[in-house]
Amino acid sequence: MSDTIFTKIINKEIPADVVYEDEISLAFRDIQPQAPVHLLIIPKKPIVTINDMDEEDKSLFGHLFFVAKKIAAEMGFADDGYRVVMNCNEHGGQSVYHVHLHLLAGKPLGWPPYSDTLKV
Ligand code: AMP
């Protein structure tokens, strides 16, 4: 896989507003926030899409959710609530091909997320 912008952020080659880091993952603020709090939680392992997840990656994906839970508690929006989303490929709206969990919070979030969701 060729490097994405997220590999450059992991390698500190380009700046990001990092809010959390451990040996497995990194969380930073989205450059185009869609909510008052919009973070991206990414694995340091460069997995391209959900479709590329191997059996051995199952706990890594669970770790991303665990980090979301920890950040929600630390930033104080766990009780109000939040949304986690992972987009996959073109129809899912994925634009960066290094898997990432969006963590959105800070206001009541609309559902469904797009007005054309029910037009199949
Ligand atoms: P997705 O469309 O699900 O692939 O999400 C990719 C997200 O990455 C978008 O919300 C972008 O705003 C965000 N993004 C792209 N480049 C950067 C960057 N350099 N720093 C922070 N967020 C970024």
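**Close-up 1. Tyrosine 82 and its ring partner.** In this predicted model, tyrosine 82 counts as partly exposed, at 34% relative accessibility. Phenylalanine 77, on the other hand, is buried, with a relative accessible area of 7%. The two rings form an edge-to-face aromatic pair, 5.8 Å centre to centre and with 70° between the planes.

**Close-up 2. Phenylalanine 6 meets phenylalanine 28.** The structure holds 2 aromatic pairs, and here phenylalanine 6 and phenylalanine 28 sit edge-to-face, with 5.4 Å from centre to centre and 75° between the planes. This pair links distant parts of the chain: phenylalanine 6 belongs to helix α1 (residues 5–10) and phenylalanine 28 to strand β2 (residues 25–29), 22 residues apart. Both phenylalanine 6 and phenylalanine 28 are buried.

**Close-up 3. Aspartate 17 and arginine 29.** Their side chains meet in a salt bridge, 3.4 Å from N to O. Arginine 29 is in strand β2, and aspartate 17 is 12 residues away from it. Aspartate 17 counts as partly exposed at 44% relative accessibility, and so does arginine 29 at 35%.

**Close-up 4. Lysine 45 and two acidic partners.** Lysine 45 forms a salt bridge with glutamate 56, with the closest N and O atoms 3.1 Å apart. Lysine 45 also bridges to aspartate 57, where the closest N and O atoms are 2.6 Å apart. Lysine 45 and aspartate 57 both lie in the loop between β3 and α2, so their bridge ties together parts 12 residues apart in sequence. How buried or exposed are the partners? Aspartate 57 counts as buried at 3% relative accessibility, glutamate 56 as exposed at 63%, and lysine 45 as partly exposed at 33%.

Definitions and conventions: Residues numbered from 1 in each chain as written. Predicted model: local features only at pLDDT ≥ 70, side-chain atom pairs only at ≥ 80, totals over all residues. Heavy atoms only, no water. Phe/Tyr/Trp six-rings, centres within 6.5 Å; stacked < 30°, edge-to-face > 60°. Helix = DSSP H or I, 4+ residues; strand = E, 2+ residues; numbered from the N terminus. Buried < 20%, exposed > 50% of the residue type's maximum accessible area, 1.4 Å probe, protein only. Salt bridge = Lys/Arg side-chain N within 4 Å of Asp/Glu carboxyl O.
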